[in-house]
Amino acid sequence: MSVLIVIPARFASVRFPGKALVPLRGATGQKKSLIQRSWDAAQAVSDVDRVVVATDDSRIRAEAEGFGAEVVMTSSACRNGTERCAEALDALGGGYDIVVNLQGDAPLTPPWFVEALIDALTAHPIAEMATPVLRCDGRALSGFLDDRRAGRVGGTTAAFGAEGKALYFSKEVIPYTVDDKWDDQAATPVFHHVGVYAYRPAALAAYARWTPGPLEQLEGLEQLRFLERDHPVQCVEVDARGRQFWEVNNPEDVERIESILNDLGMA
């Protein structure tokens, strides 16, 4: 199975403009841009044929090429990362069995998260798209709830059936839990949706032709377009192996990410 990783990145983020270029300090004090740290995460994934950054911004292109990334320029009309991946694949001429969307704001994505998606699509030839979910411990769930109480949009949560078929994704914390006080290491019934996707090329091309539905527009979650069109999304539960995971959604997340980089000893 030939695999392409696309890292979609734009400058005009609504909640955090220019976040792709924000410097993040690692454990040694070295600063790397968010897009570079996301590139590093993609490079750590095994059995990948090609990694590209897809952007419509010359500043991001200059930054990415400066640290040696391959860049594909895409249209400013792309409404989300999935559309940008579809356009990048088309620009590259196709030729891949699996396309992975490793979003440019998820520099802490462990390689085994992506590898689990590739394995899932390899093992299930009829599956069109897969995405990882991570069971929240008490510490992670507290972070989600604290963000919502403060009026911040934090990570995304997922609800899915017994066979992993997605039921819904939301920026609210779902499912509702009566108890909002959990021990830091306790397993909770809430799953963090990790913003990584693996698609069959045909599913990716179809997505780009569909117009966004009301749920996608309300939540601002691109994967809901599949559910609104009755195309199943396969959730793949992954194990954090003791690592904290978080995306850069708001300026306040920079300090949180830097703290995790320091805890993990990542340069």
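Where does Glu172 lie? Glu172 is found in the loop between β9 and β10. Helices and strands here are DSSP runs (H or I with at least four residues for a helix, E with at least two for a strand), numbered from the N terminus. With a relative accessibility of 42%, Glu172 counts as partly exposed. Three words will come back often: buried means under 20% relative accessible area, exposed means over 50%, and partly exposed is in between (1.4 Å probe, protein chains only). Although Glu172 and Gly155 are 17 residues apart in sequence, their C-alpha atoms are 8.6 Å apart in space.

Before we go on, please keep in mind that this is a predicted model, in which local features need pLDDT of at least 70 and side-chain atom pairs count only at pLDDT 80 or more, while totals for chains, interfaces and linings use all residues. Residues are numbered from 1 along each chain as its sequence is written, and side-chain values use heavy atoms, with hydrogens and water left out.

## Loops with something special

The loop that holds Glu172 also has a feature of its backbone to show you. Pro175 lies in the loop between β9 (166-170) and β10 (187-193), and a cis peptide bond joins Ile174 and Pro175, with omega at about -5 degrees.

Now look at two residues with a positive phi. For Asp230, phi is near 60 degrees, a positive value in a residue other than glycine. You can find Asp230 in the loop between α8 (224-228) and β12 (234-238), and Asp230 is exposed because its relative accessible area is 69%. Arg241 has phi near 55 degrees, again a positive value in a residue other than glycine. Arg241 sits in the loop between β12 and α9 and is exposed, with a relative accessible area of 57%.

## Helices and their covered sides

Helix α1 is mostly covered, as eight of its 10 residues are buried. Among them are Leu34, Ile35, Trp39 and Ala42.

Which residues of helix α6 (residues 201-209) are buried? They are Ala203, Leu204, Ala206 and Tyr207. Seen down the axis of α6, these buried residues fall within an arc of 165 degrees, so they line one face of the helix. That arc is taken from the directions from the helix axis to the C-beta atoms. On the face of α6 turned away from its buried side, you will find the exposed residues Ala202 and Arg209.

Helix α7 (residues 214-219) contains Glu219, which counts as buried because its relative accessibility is 15%. The C-alpha atoms of Glu219 and Thr156 are separated by 9.7 Å, and the two residues are 63 residues apart along the chain.

## Charges that pair up

The structure holds 14 salt bridges. A salt bridge is a side-chain nitrogen of Lys or Arg within 4 Å of a carboxyl oxygen of Asp or Glu. Here are some of them:

| Salt bridge | Closest N and O atoms |
|---|---|
| Asp40 and Lys32 | 3.0 Å |
| Arg152 and Asp147 | 2.8 Å |
| Arg256 and Asp147 | 3.6 Å |

Arg256 lies in helix α9 (residues 253-264) and Asp147 in helix α5 (residues 138-149), so the pair ties together parts that are 109 residues apart in sequence. Asp147 is buried, with a relative accessible area of 2%. Its partner Arg152 is partly exposed at 27% relative accessibility, and Arg256 is partly exposed with a relative accessible area of 27%. In the pair of Asp40 and Lys32, Asp40 counts as partly exposed at 30% relative accessibility, whereas Lys32 counts as buried at 17%.

Salt bridges can also be joined up: Arg79, Glu83, Glu216 and Arg225 are linked in a network of them.

## A patch of negative charge

Which residues gather in a patch of negative charge on the surface? They are Asp47, Asp49, Asp97 and Asp119. Patches are made of residues with over 30% relative accessible area and no salt bridge; like charges are joined within 9 Å, and nonpolar side chains (Val, Leu, Ile, Met, Phe, Trp, Tyr) within 5 Å. One of the patch residues, Asp47, lies in the loop between α1 (34-43) and β4 (50-55). Asp47 counts as exposed because its relative accessibility is 69%.

Methods:
Accessible areas come from the Shrake-Rupley method with a 1.4 Å probe; for residues, only the protein chains shown count as cover. Lys and Arg count as positive and Asp and Glu as negative; His and the chain ends are not counted. The place of a charge is taken as NZ of Lys, CZ of Arg, CG of Asp or CD of Glu.
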